[in-house]
Amino acid sequence: MPDISLTTVVVLCIAALAAGWIDAVVGGGGLLLLPALLLGLPAGTQATHALGTNKAVAIVGTTGAAVTYVRKTRVDVPTAVRIGLAALAGSMGGAFFAAGMSTEVLKPVIMVVLLGVGAFVIFRPAFGTAPPARPASPKRILAAIGLAGLGIGFYDGLIGPGTGTFLVLALTAVLHLDLVSASATAKIVNCCTNAGALAMFAWQGAVLWQLAGLMAVFNLAGGMLGAHTALKKGSGFVRIVLLTTVFGLVAKMAYEQWLA
């Protein structure tokens with residue numbers, strides 16, 4: 001455990017609580033949690049320790065949210081696990097190629113995609129508000145495994161920001177889920193990808209376990225609260241949070257690309 005002031009620890013715990021809530025509702029909690037760790041850890045701390053600690057915290061909140069969703073609403077767990085295993089493989093592939101590719105080149109493309117997604121959700125107010133009329137066909141499940149699993153998993157390993165949000169959007173579009181069900185399914189997929197990443201970081205000795213353990217308690221509380229909020233408020237509320245997250249992500253990436 002590095003030498004961190006009590007004030008910084010408190011701020012990090014609050015960030016973990018908020019990140020857990022955001023991530024459970026619509027994904028994207030890492031947009032808050034990872035920058036908080038990068039800023040809060042002492043100067044000279046390797047970035048991999050922030051990444052590893054972030055995964056150790058996030059997997060607890062994600063698991064808590066997933067369990068809450070499964071207990072409170074209908075989720076196709078076998079399909080979610082299949083997508084999750086594909087995402088695990090995709091993220092490992094993305095991480096393999098990340099070392100030899102400049103992510104700065106890809107960020108403008110991702111911003112354009114996100115803006116397009118935001119416009120689509122705004123001009124299609126019914127998107128993700130109606131439950132599926134029937135179970136997804138095998139073809140749609142296979143498409144979800146390819147897009148939400150391998151594709152977005154690869155993106156997660158290569159770049160990362162907004163993975164949870166992309167998962168919610170892809171699952172809603174491909175499987176015709178409502179936004180609440182898509183968020184629930186995305187949490188199970190996230191558990192698989194986080195587990196793989198955490199195993200790699202732990203093997204490298206890049207996890208600050210004491211700090212992660214403390215922050216994980218708050219992240220778990222935020223994740224469970226966020227899942228309960230999404231279930232109570234419904235798809236309309238999730239849609240608002242989704243749009244806020246999408247445009248927040250675009251603003252963050254634009255700042256990092258051209259102003260930082």
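1. Let's start with one side chain in this predicted model. Phe-237 has a relative accessible area of 21%, and that makes it partly exposed, because a residue counts as buried only under 20%. Its ring has a partner, Trp-21, whose relative accessible area of 24% also puts it in the partly exposed class.

2. Now look at how these two rings meet. A search of the whole structure finds two aromatic pairs, and Trp-21 with Phe-237 is one of them. The ring centres are 6.0 Å apart and the planes stand at 80° to each other, an edge-to-face arrangement. Trp-21 belongs to helix H1 and Phe-237 to helix H10 (residues 235-259), so this pair ties together parts that lie 216 residues apart in sequence.

3. What about the pair formed by Tyr-155 and Phe-166: how far apart are the ring centres, and at what angle are the planes? The centres are separated by 5.4 Å and the planes are at 90°, so this pair is edge-to-face. Tyr-155 sits in helix H6 (residues 138-158), while Phe-166 sits in helix H7 (residues 163-175), 11 residues apart. Are Tyr-155 and Phe-166 buried or exposed? Both Tyr-155 and Phe-166 are buried.

4. It helps to step back and take in the whole chain. The protein has 10 helices and zero strands. If you walk along it from the N terminus, the elements read α-α-α-α-α-α-α-α-α-α. Of the 260 residues in the protein, 49% are buried.

5. Next, follow helix H1 (residues 6-26) to the place where it packs on helix H9 (residues 209-233). The two axes are 6 Å apart, and the packing angle is about 35°. The crossing of H1 and H9 is right-handed. Which classes of residue make up this contact? There are 17 nonpolar residues and six polar ones, with no charged residues.

6. H9 also packs with helix H3 (residues 47-72), at an angle of about 30° and with the axes 7 Å apart. Angles under 35 degrees count as roughly parallel, and H3 and H9 are therefore roughly parallel to each other. H3 and H9 cross in a right-handed way. The contact of H3 with H9 is made of 15 nonpolar, nine polar and one charged residue.

7. The remaining pairing among these three helices is H1 with H3. Here the angle is about 45° and the axes are 10 Å apart, which makes H1 oblique to H3. H1 passes H3 in a right-handed crossing. When you turn the model on screen, try picking out H1, H3 and H9 one at a time.

8. While you have H9 in view, find Gln-210, which is in that helix. With a relative accessible area of 59%, Gln-210 is exposed, because the cut-off for exposed is over 50%. Which residue is 157 residues from Gln-210 along the chain, with the C-alpha atoms separated by 9.5 Å? That residue is Thr-53.

9. On to charged side chains. How many salt bridges does the structure have? The count comes to one salt bridge. The partners are Asp-23 and Lys-187, and their closest N and O atoms are 3.1 Å apart. This pair links distant parts of the chain, with Asp-23 in helix H1 and Lys-187 in helix H8 (residues 179-203), 164 residues apart.

10. Are the partners of this salt bridge buried or exposed? Asp-23 has 15% relative accessibility and so counts as buried. Lys-187 has 1% relative accessibility, so Lys-187 counts as buried too.

11. One backbone detail deserves a look before you finish. His-176 has a positive phi of about 60°, although it is not a glycine. Where is His-176 found? His-176 is in the loop between H7 and H8. At 42% relative accessibility, His-176 counts as partly exposed.

12. A short recap may help you find your way back. H1 carries Trp-21, which pairs with Phe-237 of H10, and H1 also holds Asp-23, the salt-bridge partner of Lys-187. H9 packs with H1 and with H3, and H9 is also where Gln-210 is found.

Notes:
Residues are numbered from 1 along each chain as its sequence is written. This is a predicted model: local features need pLDDT of at least 70, side-chain atom pairs count only at pLDDT 80 or more; totals for chains, interfaces and linings use all residues. Side-chain values use heavy atoms; hydrogens and water are left out. Axes are lines fitted to C-alpha atoms, for helices over the stretch in contact, and angles run from 0 to 180 degrees between N-to-C directions. Helices (H or I, at least four residues) and strands (E, at least two) are DSSP runs, numbered from the N terminus. A crossing is left-handed if the near helix is turned anticlockwise from the far one by less than a right angle, and right-handed if clockwise. Ala, Val, Leu, Ile, Met, Phe, Trp, Tyr, Cys and Pro count as nonpolar, Asp, Glu, Lys and Arg as charged, and the others, Gly among them, as polar. Angles under 35 degrees count as roughly parallel, over 145 as roughly antiparallel, 65 to 115 as roughly perpendicular and the rest as oblique. A salt bridge is a side-chain nitrogen of Lys or Arg within 4 Å of a carboxyl oxygen of Asp or Glu. Buried means under 20% relative accessible area, exposed over 50%, partly exposed in between (1.4 Å probe, protein chains only). Rings of Phe, Tyr and Trp (its six-membered ring) pair if their centres lie within 6.5 Å; planes under 30 degrees apart count as stacked, over 60 as edge-to-face and the rest as tilted.
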